[in-house]
Amino acid sequence: MNKLAVSANTLWLYAVLVHIAGSIVVNGVVMLPFGSILFMTVLWISMFILYDKKRKYVIPFVAGWFLSIYVIYQVPASYEGSFLLNGMILFLIWYVCRLREVKPTEFCHVKKIPIRQWGFILLITIGLIVIAGYINGLSMLVFYNGTTSSLQEVGKYFPESVIVFALVPAISEEFLFRGCIYQEVAGTNTKQFAVFLSAVLFALLHMNFNQMSYAFIMGLFFGWIICMTDNLSISILIHALFNCFSVFSFAFQNNALMKLIMNLHVGAYYIFNPILRDNNGKIIGEAVVEGAILLLCMLIFVGALLYFLKKDNEKRMPGKQIRVKTGFGKPQIEEYGQKDESILWKADREFWTGCIGCIIFAILYELFMMSS
(Lines give C-alpha, C1' and ligand atoms only; values in the text may rest on other atoms or scores of the structure.)
Protein backbone atom coordinates (compact mmCIF):
# COMPACT_ATOMS: atom_id res chain seq x y z
CA MET A 1 0.00 0.00 0.00
CA ASN A 2 3.01 2.31 0.43
CA LYS A 3 3.34 2.54 -3.34
CA LEU A 4 0.04 4.41 -3.40
CA ALA A 5 1.82 7.27 -1.71
CA VAL A 6 4.18 7.89 -4.61
CA SER A 7 2.39 6.74 -7.75
CA ALA A 8 -0.38 8.45 -9.71
CA ASN A 9 -0.81 5.14 -11.56
CA THR A 10 -1.63 3.28 -8.37
CA LEU A 11 -3.97 6.04 -7.24
CA TRP A 12 -5.76 5.78 -10.59
CA LEU A 13 -6.13 2.01 -10.31
CA TYR A 14 -7.51 2.28 -6.77
CA ALA A 15 -10.00 4.93 -7.90
CA VAL A 16 -11.25 2.57 -10.62
CA LEU A 17 -11.51 -0.31 -8.15
CA VAL A 18 -13.39 1.92 -5.71
CA HIS A 19 -15.88 2.79 -8.47
CA ILE A 20 -16.40 -0.79 -9.63
CA ALA A 21 -16.13 -2.76 -6.38
CA GLY A 22 -17.42 0.18 -4.36
CA SER A 23 -20.61 0.26 -6.42
CA ILE A 24 -21.27 -3.33 -5.43
CA VAL A 25 -20.45 -2.65 -1.78
CA VAL A 26 -22.64 0.45 -1.42
CA ASN A 27 -25.55 -1.26 -3.18
CA GLY A 28 -25.36 -3.95 -0.52
CA VAL A 29 -24.91 -1.42 2.28
CA VAL A 30 -28.03 0.58 1.40
CA MET A 31 -30.09 -2.61 1.68
CA LEU A 32 -29.15 -3.07 5.35
CA PRO A 33 -31.00 -1.30 8.20
CA PHE A 34 -29.05 1.89 8.94
CA GLY A 35 -26.32 0.52 6.67
CA SER A 36 -25.66 3.83 4.86
CA ILE A 37 -25.57 5.78 8.13
CA LEU A 38 -23.08 3.36 9.70
CA PHE A 39 -20.93 3.31 6.54
CA MET A 40 -20.80 7.12 6.33
CA THR A 41 -20.04 7.35 10.06
CA VAL A 42 -17.06 5.01 9.64
CA LEU A 43 -15.78 7.16 6.75
CA TRP A 44 -15.96 10.38 8.79
CA ILE A 45 -14.30 8.81 11.85
CA SER A 46 -11.53 7.37 9.67
CA MET A 47 -10.87 10.74 8.00
CA PHE A 48 -10.78 12.48 11.37
CA ILE A 49 -8.24 9.96 12.66
CA LEU A 50 -6.11 10.52 9.55
CA TYR A 51 -6.30 14.29 10.16
CA ASP A 52 -4.29 14.06 13.40
CA LYS A 53 -7.35 14.11 15.68
CA LYS A 54 -6.82 17.76 16.66
CA ARG A 55 -9.53 19.46 18.72
CA LYS A 56 -9.93 22.40 16.36
CA TYR A 57 -11.16 20.01 13.66
CA VAL A 58 -13.81 18.35 15.82
CA ILE A 59 -16.60 20.85 15.08
CA PRO A 60 -16.09 20.88 11.26
CA PHE A 61 -15.97 17.07 11.16
CA VAL A 62 -19.05 16.68 13.35
CA ALA A 63 -20.91 19.22 11.19
CA GLY A 64 -19.90 17.35 8.04
CA TRP A 65 -20.99 14.05 9.54
CA PHE A 66 -24.34 15.49 10.68
CA LEU A 67 -25.03 16.97 7.22
CA SER A 68 -24.13 13.64 5.57
CA ILE A 69 -26.49 11.70 7.84
CA TYR A 70 -29.27 14.21 7.21
CA VAL A 71 -28.87 13.84 3.44
CA ILE A 72 -28.84 10.04 3.64
CA TYR A 73 -31.95 10.10 5.81
CA GLN A 74 -33.82 12.33 3.34
CA VAL A 75 -32.95 10.86 -0.08
CA PRO A 76 -34.10 7.56 -1.63
CA ALA A 77 -31.83 4.51 -1.64
CA SER A 78 -30.87 5.08 -5.30
CA TYR A 79 -29.29 8.42 -4.33
CA GLU A 80 -27.47 7.00 -1.32
CA GLY A 81 -25.23 4.86 -3.52
CA SER A 82 -23.85 7.87 -5.43
CA PHE A 83 -23.33 9.78 -2.20
CA LEU A 84 -21.44 6.95 -0.49
CA LEU A 85 -19.34 6.25 -3.58
CA ASN A 86 -18.10 9.83 -3.71
CA GLY A 87 -17.45 9.61 0.02
CA MET A 88 -15.20 6.62 -0.63
CA ILE A 89 -13.27 8.56 -3.30
CA LEU A 90 -12.75 11.44 -0.86
CA PHE A 91 -11.52 9.00 1.78
CA LEU A 92 -9.08 7.52 -0.75
CA ILE A 93 -7.72 11.00 -1.50
CA TRP A 94 -7.50 11.73 2.22
CA TYR A 95 -5.57 8.52 2.83
CA VAL A 96 -3.16 9.07 -0.06
CA CYS A 97 -2.34 12.59 1.12
CA ARG A 98 -1.81 11.23 4.62
CA LEU A 99 0.79 8.82 3.26
CA ARG A 100 2.37 11.71 1.37
CA GLU A 101 2.57 13.61 4.66
CA VAL A 102 0.70 16.60 3.28
CA LYS A 103 -2.78 18.03 3.73
CA PRO A 104 -5.14 17.45 0.77
CA THR A 105 -5.80 21.19 0.46
CA GLU A 106 -2.06 21.90 0.41
CA PHE A 107 -1.06 19.21 -2.08
CA CYS A 108 -3.98 20.00 -4.41
CA HIS A 109 -3.43 23.78 -4.23
CA VAL A 110 -6.78 24.85 -2.78
CA LYS A 111 -6.74 28.63 -2.37
CA LYS A 112 -9.12 31.55 -1.93
CA ILE A 113 -10.84 32.90 -5.03
CA PRO A 114 -10.50 36.68 -5.49
CA ILE A 115 -13.88 38.41 -5.70
CA ARG A 116 -12.99 40.06 -9.01
CA GLN A 117 -12.65 36.63 -10.64
CA TRP A 118 -16.20 35.50 -9.86
CA GLY A 119 -17.60 37.21 -12.95
CA PHE A 120 -15.12 35.36 -15.16
CA ILE A 121 -16.03 32.11 -13.43
CA LEU A 122 -19.76 32.54 -14.02
CA LEU A 123 -19.29 33.37 -17.71
CA ILE A 124 -16.88 30.46 -18.19
CA THR A 125 -19.43 28.12 -16.62
CA ILE A 126 -22.18 29.28 -18.99
CA GLY A 127 -19.86 28.78 -21.96
CA LEU A 128 -18.91 25.28 -20.80
CA ILE A 129 -22.59 24.35 -20.37
CA VAL A 130 -23.22 25.29 -24.02
CA ILE A 131 -20.12 23.42 -25.20
CA ALA A 132 -20.93 20.27 -23.21
CA GLY A 133 -24.54 20.39 -24.38
CA TYR A 134 -23.56 20.14 -28.04
CA ILE A 135 -21.00 17.38 -27.43
CA ASN A 136 -23.60 15.50 -25.40
CA GLY A 137 -26.17 15.94 -28.17
CA LEU A 138 -23.79 14.46 -30.73
CA SER A 139 -22.93 11.61 -28.38
CA MET A 140 -26.60 10.79 -27.85
CA LEU A 141 -26.90 10.13 -31.58
CA VAL A 142 -24.79 7.03 -30.97
CA PHE A 143 -24.73 6.18 -27.27
CA TYR A 144 -27.30 5.76 -24.50
CA ASN A 145 -27.78 8.70 -22.12
CA GLY A 146 -28.27 7.45 -18.55
CA THR A 147 -28.07 10.86 -16.88
CA THR A 148 -31.63 11.83 -17.78
CA SER A 149 -33.23 8.89 -15.99
CA SER A 150 -31.09 9.31 -12.86
CA LEU A 151 -32.14 12.96 -12.40
CA GLN A 152 -35.86 12.63 -12.96
CA GLU A 153 -36.77 12.83 -9.25
CA VAL A 154 -34.42 15.60 -8.15
CA GLY A 155 -37.34 18.00 -7.84
CA LYS A 156 -38.68 16.00 -4.88
CA TYR A 157 -35.34 16.19 -3.05
CA PHE A 158 -33.91 19.41 -4.45
CA PRO A 159 -31.59 20.64 -1.64
CA GLU A 160 -30.27 17.12 -1.05
CA SER A 161 -29.87 16.54 -4.81
CA VAL A 162 -27.66 19.62 -5.08
CA ILE A 163 -25.35 18.08 -2.47
CA VAL A 164 -25.46 14.52 -3.87
CA PHE A 165 -25.24 15.25 -7.61
CA ALA A 166 -23.56 18.67 -7.79
CA LEU A 167 -21.37 19.63 -4.84
CA VAL A 168 -19.91 16.34 -3.60
CA PRO A 169 -19.04 14.93 -7.07
CA ALA A 170 -17.39 18.24 -8.02
CA ILE A 171 -15.23 18.16 -4.89
CA SER A 172 -14.27 14.47 -5.10
CA GLU A 173 -13.55 14.50 -8.85
CA GLU A 174 -11.56 17.73 -8.80
CA PHE A 175 -9.45 16.63 -5.83
CA LEU A 176 -8.76 13.32 -7.57
CA PHE A 177 -8.03 14.45 -11.14
CA ARG A 178 -7.05 18.13 -11.07
CA GLY A 179 -5.66 17.76 -7.56
CA CYS A 180 -3.74 14.57 -6.80
CA ILE A 181 -3.17 13.20 -10.31
CA TYR A 182 -2.55 16.50 -12.10
CA GLN A 183 -0.18 17.86 -9.47
CA GLU A 184 1.89 14.68 -9.34
CA VAL A 185 2.19 14.33 -13.12
CA ALA A 186 2.83 18.08 -13.60
CA GLY A 187 5.61 17.80 -11.05
CA THR A 188 7.57 15.46 -13.31
CA ASN A 189 6.20 16.07 -16.84
CA THR A 190 4.93 19.12 -18.71
CA LYS A 191 1.81 20.86 -17.48
CA GLN A 192 0.19 20.36 -20.89
CA PHE A 193 0.66 16.61 -20.66
CA ALA A 194 -0.75 16.61 -17.11
CA VAL A 195 -3.85 18.48 -18.36
CA PHE A 196 -4.40 15.95 -21.15
CA LEU A 197 -3.82 12.90 -18.97
CA SER A 198 -6.11 14.10 -16.18
CA ALA A 199 -8.84 14.80 -18.77
CA VAL A 200 -8.54 11.31 -20.27
CA LEU A 201 -8.74 9.62 -16.86
CA PHE A 202 -11.61 11.91 -15.80
CA ALA A 203 -13.55 10.81 -18.88
CA LEU A 204 -12.78 7.11 -18.44
CA LEU A 205 -13.93 7.02 -14.81
CA HIS A 206 -17.47 8.00 -15.88
CA MET A 207 -17.61 4.48 -17.35
CA ASN A 208 -20.20 5.13 -20.06
CA PHE A 209 -19.46 6.40 -23.54
CA ASN A 210 -22.05 9.17 -23.51
CA GLN A 211 -20.60 10.91 -20.46
CA MET A 212 -17.04 10.14 -21.54
CA SER A 213 -17.49 12.33 -24.63
CA TYR A 214 -18.23 15.62 -22.92
CA ALA A 215 -16.35 14.73 -19.70
CA PHE A 216 -13.11 14.66 -21.71
CA ILE A 217 -13.74 18.13 -23.13
CA MET A 218 -14.72 19.47 -19.71
CA GLY A 219 -11.65 17.80 -18.21
CA LEU A 220 -9.42 19.66 -20.65
CA PHE A 221 -10.95 22.99 -19.65
CA PHE A 222 -10.80 22.20 -15.93
CA GLY A 223 -7.16 21.19 -16.36
CA TRP A 224 -6.29 24.41 -18.19
CA ILE A 225 -7.94 26.38 -15.42
CA ILE A 226 -5.60 24.74 -12.89
CA CYS A 227 -2.66 25.19 -15.24
CA MET A 228 -3.35 28.93 -15.60
CA THR A 229 -4.45 29.80 -12.06
CA ASP A 230 -2.83 27.11 -9.86
CA ASN A 231 -6.03 27.21 -7.80
CA LEU A 232 -8.15 24.08 -7.45
CA SER A 233 -10.94 26.10 -5.82
CA ILE A 234 -11.77 27.67 -9.19
CA SER A 235 -12.19 24.35 -11.00
CA ILE A 236 -14.23 22.98 -8.08
CA LEU A 237 -16.56 25.99 -8.21
CA ILE A 238 -17.01 25.85 -11.99
CA HIS A 239 -17.56 22.09 -11.85
CA ALA A 240 -20.13 22.50 -9.07
CA LEU A 241 -21.99 25.26 -10.96
CA PHE A 242 -21.93 23.10 -14.09
CA ASN A 243 -23.50 20.20 -12.17
CA CYS A 244 -25.99 22.52 -10.47
CA PHE A 245 -27.35 23.58 -13.85
CA SER A 246 -28.25 19.97 -14.63
CA VAL A 247 -29.97 19.56 -11.26
CA PHE A 248 -31.84 22.87 -11.65
CA SER A 249 -32.96 22.08 -15.20
CA PHE A 250 -34.58 18.83 -14.08
CA ALA A 251 -35.89 20.03 -10.72
CA PHE A 252 -37.61 23.10 -12.17
CA GLN A 253 -38.36 21.90 -15.70
CA ASN A 254 -41.96 23.15 -15.41
CA ASN A 255 -40.91 26.57 -14.10
CA ALA A 256 -41.62 29.42 -16.54
CA LEU A 257 -38.12 30.89 -16.30
CA MET A 258 -36.45 27.49 -16.74
CA LYS A 259 -38.68 26.78 -19.75
CA LEU A 260 -37.60 30.11 -21.24
CA ILE A 261 -33.92 29.25 -20.73
CA MET A 262 -34.26 25.74 -22.12
CA ASN A 263 -36.17 27.03 -25.17
CA LEU A 264 -33.58 29.63 -26.15
CA HIS A 265 -32.56 28.72 -29.68
CA VAL A 266 -30.61 29.80 -32.74
CA GLY A 267 -32.58 28.63 -35.73
CA ALA A 268 -33.31 24.94 -35.15
CA TYR A 269 -30.68 24.55 -32.43
CA TYR A 270 -31.71 24.88 -28.77
CA ILE A 271 -28.74 26.43 -26.93
CA PHE A 272 -29.17 24.81 -23.50
CA ASN A 273 -31.26 21.82 -24.56
CA PRO A 274 -29.78 20.45 -27.81
CA ILE A 275 -32.20 18.27 -29.76
CA LEU A 276 -30.51 16.79 -32.82
CA ARG A 277 -33.19 14.23 -33.76
CA ASP A 278 -36.82 14.84 -34.65
CA ASN A 279 -39.77 12.82 -33.36
CA ASN A 280 -39.20 10.24 -36.07
CA GLY A 281 -35.57 9.69 -35.04
CA LYS A 282 -34.15 11.50 -38.07
CA ILE A 283 -31.07 13.68 -37.52
CA ILE A 284 -31.84 17.39 -37.85
CA GLY A 285 -29.00 18.52 -40.10
CA GLU A 286 -29.73 22.21 -39.66
CA ALA A 287 -29.47 21.91 -35.87
CA VAL A 288 -26.19 19.99 -36.13
CA VAL A 289 -24.61 22.70 -38.31
CA GLU A 290 -25.92 25.62 -36.27
CA GLY A 291 -24.78 23.90 -33.06
CA ALA A 292 -21.29 23.43 -34.53
CA ILE A 293 -21.05 27.15 -35.34
CA LEU A 294 -22.22 28.05 -31.83
CA LEU A 295 -19.71 25.56 -30.40
CA LEU A 296 -16.87 27.30 -32.24
CA CYS A 297 -18.02 30.69 -30.94
CA MET A 298 -18.21 29.36 -27.38
CA LEU A 299 -14.74 27.84 -27.62
CA ILE A 300 -13.34 31.24 -28.63
CA PHE A 301 -15.38 32.96 -25.91
CA VAL A 302 -14.27 30.61 -23.12
CA GLY A 303 -10.68 30.65 -24.38
CA ALA A 304 -10.64 34.46 -24.17
CA LEU A 305 -12.07 34.36 -20.64
CA LEU A 306 -9.42 31.86 -19.56
CA TYR A 307 -6.73 34.14 -21.00
CA PHE A 308 -8.03 37.13 -19.02
CA LEU A 309 -8.30 34.94 -15.91
CA LYS A 310 -4.67 33.93 -16.38
CA LYS A 311 -3.55 37.54 -16.79
CA ASP A 312 -5.46 38.58 -13.68
CA ASN A 313 -3.80 35.78 -11.74
CA GLU A 314 -0.35 36.81 -12.98
CA LYS A 315 -0.94 40.39 -11.85
CA ARG A 316 -2.00 39.13 -8.44
CA MET A 317 1.02 36.82 -8.00
CA PRO A 318 3.77 38.05 -10.37
CA GLY A 319 6.75 35.73 -10.66
CA LYS A 320 5.66 33.53 -7.78
CA GLN A 321 7.46 30.20 -7.53
CA ILE A 322 5.22 27.13 -7.28
CA ARG A 323 6.34 24.29 -5.08
CA VAL A 324 4.89 20.87 -5.82
CA LYS A 325 4.96 18.32 -3.01
CA THR A 326 4.90 14.69 -4.10
CA GLY A 327 4.80 11.25 -2.61
CA PHE A 328 8.18 11.41 -0.87
CA GLY A 329 7.02 14.18 1.44
CA LYS A 330 9.41 16.78 -0.02
CA PRO A 331 9.30 19.16 -3.01
CA GLN A 332 10.65 17.65 -6.20
CA ILE A 333 10.69 20.96 -8.08
CA GLU A 334 10.99 24.59 -7.09
CA GLU A 335 8.95 25.94 -10.00
CA TYR A 336 7.29 24.68 -13.16
CA GLY A 337 9.79 23.99 -15.89
CA GLN A 338 12.48 22.30 -13.79
CA LYS A 339 12.00 18.58 -14.32
CA ASP A 340 13.98 15.61 -13.09
CA GLU A 341 14.21 13.25 -16.07
CA SER A 342 14.77 10.27 -13.76
CA ILE A 343 11.26 10.54 -12.26
CA LEU A 344 9.16 11.32 -15.35
CA TRP A 345 5.67 9.85 -15.16
CA LYS A 346 5.20 6.76 -17.33
CA ALA A 347 2.20 4.53 -17.88
CA ASP A 348 2.64 1.16 -16.21
CA ARG A 349 0.62 -2.02 -15.73
CA GLU A 350 -1.57 -0.46 -13.07
CA PHE A 351 -2.40 2.49 -15.31
CA TRP A 352 -3.45 0.30 -18.25
CA THR A 353 -5.37 -2.07 -15.98
CA GLY A 354 -7.46 0.83 -14.73
CA CYS A 355 -8.06 2.16 -18.26
CA ILE A 356 -9.05 -1.24 -19.66
CA GLY A 357 -11.34 -1.85 -16.69
CA CYS A 358 -13.21 1.42 -17.39
CA ILE A 359 -13.59 0.64 -21.10
CA ILE A 360 -14.84 -2.91 -20.46
CA PHE A 361 -17.34 -1.59 -17.92
CA ALA A 362 -18.53 1.05 -20.42
CA ILE A 363 -19.00 -1.58 -23.15
CA LEU A 364 -20.98 -3.82 -20.80
CA TYR A 365 -23.12 -0.88 -19.72
CA GLU A 366 -23.90 0.03 -23.34
CA LEU A 367 -24.79 -3.57 -24.23
CA PHE A 368 -26.99 -3.86 -21.15
CA MET A 369 -28.88 -0.66 -21.95
CA MET A 370 -29.34 -1.71 -25.58
CA SER A 371 -30.80 -5.06 -24.54
CA SER A 372 -33.10 -3.64 -21.84
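Five salt bridges are counted in this structure, which is a predicted model. Three of these pairs make a good starting point for a tour, and the table lists them with their N to O distances.

| Acidic residue | Basic residue | Closest N to O distance |
|---|---|---|
| Asp230 | Lys111 | 2.7 Å |
| Asp312 | Arg116 | 2.8 Å |
| Glu174 | Arg178 | 2.6 Å |

**Salt bridges and the loop after α5**

Let us begin with Lys111 and Asp230, whose side chains meet in a salt bridge. This pair joins distant parts of the chain, as its two members are 119 residues apart. Lys111 sits in the loop between α5 and α6, while Asp230 belongs to the loop between α10 and α11. Are the two partners buried or exposed? Lys111 is partly exposed because its relative accessible area is 28%, whereas Asp230, at 7%, is buried.

The pair of Asp312 and Arg116 also forms a salt bridge. Asp312 is part of helix α13 (residues 285-316) and Arg116 is in the loop between α5 and α6, so this contact ties together parts of the chain that are 196 residues apart in sequence. With a relative accessible area of 14%, Asp312 falls under the 20% limit and is therefore buried.

Glu174 and Arg178 give a local example. Both are in helix α8 (residues 158-186), and because they are four residues apart, about one helical turn separates them. Glu174 has 0% relative accessibility and so counts as buried. Arg178 is buried too, with a relative accessible area of 0%.

**Two residues with a positive phi**

The loop between α5 (104-107) and α6 (118-140) also holds His109. Why is the phi of His109 worth a look? His109 is not a glycine, yet its phi is positive, at about 60°. Most residues other than glycine have a negative phi. His109 counts as buried because its relative accessibility is 7%.

Met207 is another case: this residue is not a glycine either, and its phi is positive at about 60°. Met207 lies in the loop between α9 (191-204) and α10. Its relative accessible area is 5%, so Met207 is buried.

**A pair of crossing helices**

Next in view are helix α10 (residues 209-229) and helix α11 (residues 232-251). Their axes come within 8 Å and cross at roughly 150°. How do the two helices run relative to each other? An angle over 145 degrees counts as roughly antiparallel, and α10 and α11 therefore fit that description. The crossing of α10 past α11 is right-handed.

**A nonpolar patch on the surface**

Which residues form the nonpolar patch on the surface? They are Trp352, Ile356, Ile359, Ile360, Ile363, Leu364, Leu367 and Met370, and together they have about 820 Å² of accessible area. One of them, Ile360, is found in helix α14 (residues 349-371). Ile360 counts as partly exposed because its relative accessibility is 45%.

Leu364, another member of the patch, offers a way to relate this region to helix α1. Ala8 is in helix α1 (residues 8-29), and it is buried because its relative accessible area is 6%. How far apart are Ala8 and Leu364? In sequence, 356 residues separate Ala8 from Leu364, and in space they are 26 Å apart from C-alpha to C-alpha.

Methods. Residues numbered from 1 in each chain as written. Predicted model: local features only at pLDDT ≥ 70, side-chain atom pairs only at ≥ 80, totals over all residues. Heavy atoms only, no water. Patch = residues over 30% accessible without salt bridge, like charges linked within 9 Å, V, L, I, M, F, W, Y side chains within 5 Å. Areas by Shrake-Rupley, 256 points an atom, 1.4 Å probe, with all protein chains shown as cover. Salt bridge = Lys/Arg side-chain N within 4 Å of Asp/Glu carboxyl O. Buried < 20%, exposed > 50% of the residue type's maximum accessible area, 1.4 Å probe, protein only. Axes fitted to C-alpha atoms, helices over the stretch in contact; angles between N-to-C directions. Parallel < 35°, antiparallel > 145°, perpendicular 65-115°, else oblique. Left-handed = near helix turned anticlockwise from the far one by under 90°.
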